Amino acid sequence: MTRAIQHELFPRDDGARIAFDGEIDMHVAPELRKLLRKALEPRPRTLVLDMAKVPFIDSSGIATIVEALKLARGWSGTVRLEGCQDAVRDTFDIAGLTRLLGIA
Amino acid sequence: MTPPSTEARARGSRRTDEVVIEVKDLHVAFDGRPVLAGVDLRVYRGETLVIMGGSGCGKSTLLRTMIGALRPNRGKVVLLGKDLHALDEDGLDALRKRFGILFQSGALYNSMTVGENVALPLREHTSLDEAIIRIMVKMKLELVGLRDFESLVPSQISGGMRKRVGLARALALDPEIIFYDEPGAGLDPVVAGVIDKLIADLSRKLGVTSIVVTHEMGSAFRVADRMVMLYEGRVVAEGPPEAIRATADPLVRQFIHGEPDGPIPLRRSKTDYAEDLLA
């Protein structure tokens, strides 16, 4: 069972910012993947994921973001996370991915 | 979800007041010999509960009953709000996605690679794309330090490594609860320490509830938020590690200090030795 993911897309000079709202888990990850791939179609230099309203992310969500970064690196672009809540930051920390995704 | 209790926060734990497992008056007997003789237990979300006791005290039987692998003769286990032994197979399958188990041996499929073993629950229980599953497998193997071993089969790695792969597989679906059966057994001290740190991190950083069955006291005191000691199928002591360590109870003291003399006998046979030999 997949679920839609609440989000808003904002253009930036160097690409785009997507602000998410809600938990990112295995039910949402397939939709998140479609959304990220679409946002990466114009090959932006930077895709910022605003996580301020995401209270929880699981490893399927993290893997989906890692795949997006992998795609973006194909044209020297990047995917960066901003505004992570502590619980989300801890999840990335355990996965050993805070630096890769530019999580301060 | 309820917030962590004051006591839990003080310990750096994410333990809440929400009960995720309730064991009520559990009795299990094998061949008429009681193994569990009325166990009552509560496990709270986010805590690491260590169940300890000597060989034959009933701790593995308790774990197997708590995961639905054994049916009790009396009593019940309520896991994540469901009466475990009243569920049909479909109900049990749905519940099994929410908890992971690290078996003593690792319990891997020998015909599959390490990576395929870890991917198995993801392929069976999710609709995730294969590319995402491949990344997740690398993430789970990295957690246990074995990312470079993905393409090997279990017979090509050591027993300790197989156990770590078993843990990576137990973590595949990001379970709310993880049961560990003797997590340090057969591992060298460094790897056992790494596994202990991972258990603690999953609990303290992600709020995963852990139930750890062990007789290794160093590990037990490193990971526990709370400890329960079983003896002859009953809970004989329960409390935070510092209370268990300071207890005057001779049964608990003998066990945690590994003393040969005390109330815990070496011999468990109830029949007379000479009479048995001469019968």
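Contact here means heavy atoms within 4.5 Å. With that in hand, let's work through some exercises on this predicted model.

**Exercise 1. Find out how helix H6 of chain B sits in its surroundings, and check its length.**

Step 1. Start with burial: a residue is buried when its relative accessible area is under 20%. By that test, nine of the 12 residues of H6(B) are buried, so the helix is largely enclosed by the rest of the structure.

Step 2. Name them. They are B:Gly160, B:Lys163, B:Arg164, B:Val165, B:Gly166, B:Leu167, B:Ala168, B:Arg169 and B:Ala170.

Step 3. Look for what covers them. The buried residues of H6(B) pack against strands S6 (99-102) and S7 (177-181) of chain B, and also against helices H4 (114-125), H5 (130-143) and H7 (189-206) of that chain.

Step 4. Check the length. The helix covers residues 159-170, and at 1.5 Å a residue it should span 16 Å; the end C-alpha atoms are 16 Å apart, which agrees.

**Exercise 2. Trace the strand pairings of chain A from S1 to S4.**

Step 1. Begin with S1 (residues 6-12) and S2 (residues 15-21), which run antiparallel and are joined by seven bridges. These two strands form a hairpin with two residues between them, and A:Pro11 stands opposite A:Ala16.

Step 2. Move on from S2(A) to S3(A): the two run parallel, with six bridges. Here A:Ala19 faces A:Asp50. The connection goes through a helix, since S2(A), H1(A) and S3(A) make a right-handed β-α-β unit.

Step 3. Continue from S3(A) to S4(A), again a parallel pair, joined by five bridges. A:Asp50 stands opposite A:Glu82 in S4(A). A right-handed β-α-β unit is made by S3(A), H2(A) and S4(A).

Step 4. Ask how covered S3(A) is. Six of the eight residues in this strand (residues 46-53) are buried, leaving the strand mostly covered.

**Exercise 3. Work out which strands stand at the edges of the four-stranded sheet in chain B.**

Step 1. Write down the order: the open sheet runs S2-S1-S4-S5, with antiparallel pairing.

Step 2. Read off the ends. S2 (33-44) and S5 (82-83) each have a single partner strand, so one side of each is left without a neighbour in the sheet.

Step 3. Zoom in on one pair. S1(B), residues 19-30, and S2(B) pair over nine bridges, and B:Val23 stands opposite B:Leu41.

**Exercise 4. Locate the nonpolar cores and their best-connected members.**

Step 1. Take the largest core, which has 83 residues; A:Phe20, A:Leu49, A:Met51, A:Ile65 and A:Phe92 touch the most other members.

Step 2. Follow one of these. Not counting residues up to four places away in sequence, A:Ile65 touches nonpolar partners including A:Leu32, A:Val79, A:Leu81, A:Phe92 and A:Leu101.

Step 3. Add the second, separate core: this one has 29 residues, including B:Leu41, B:Cys57, B:Val77 and B:Phe99.

Step 4. Set this against a general trend: in soluble globular proteins, nonpolar side chains tend to be buried together.

**Exercise 5. Compare the settings of A:Arg33 and A:Gln85.**

Step 1. Place A:Arg33 in helix H1 (residues 29-39) of chain A. With a relative accessible area of 15%, A:Arg33 is buried.

Step 2. List partners of A:Arg33 beyond four places in sequence: A:Thr64, A:Glu67, B:Asp129, B:Ala131 and B:Ile132. A polar contact links its side chain to that of B:Asp129 at 3.2 Å.

Step 3. Turn to A:Gln85, in the loop between S4 (78-82) and H3 (86-94) of chain A. At 31% relative accessibility, A:Gln85 is partly exposed.

Step 4. Find the contacts of A:Gln85. Leaving aside neighbours within four places, they are A:Ala52, A:Lys53, A:Val54 and A:Pro55. The side chain of A:Gln85 reaches the backbone oxygen of A:Ala52 at 2.8 Å.

**Exercise 6. Describe two residues with positive phi, A:Ser76 and B:Leu80.**

Step 1. Recall the background: most residues other than glycine have a negative phi.

Step 2. For A:Ser76, phi is near 60°. This residue sits in the loop between H2 (59-73) and S4 of chain A and is exposed, at 65% relative accessible area.

Step 3. For B:Leu80, phi is about 50°. The loop between S4 (74-79) and S5 of chain B holds B:Leu80, which is buried at 12% relative accessibility.

Note on methods: Residues numbered from 1 in each chain as written. Chains lettered and ligands numbered in written order. Predicted model: local features only at pLDDT ≥ 70, side-chain atom pairs only at ≥ 80, totals over all residues. Heavy atoms only, no water. Pairing = 2+ DSSP bridges. Core = buried A, V, L, I, M, F, W, Y, C linked by side-chain atoms within 4.5 Å. Buried < 20%, exposed > 50% of the residue type's maximum accessible area, 1.4 Å probe, protein only. Polar contact = N/O pair within 3.5 Å; in protein donor to acceptor, adjacent residues only side chain to side chain. Expected span 1.5 Å × (residues − 1). Right-handed = clockwise from strand over helix to strand, strands pointing away.
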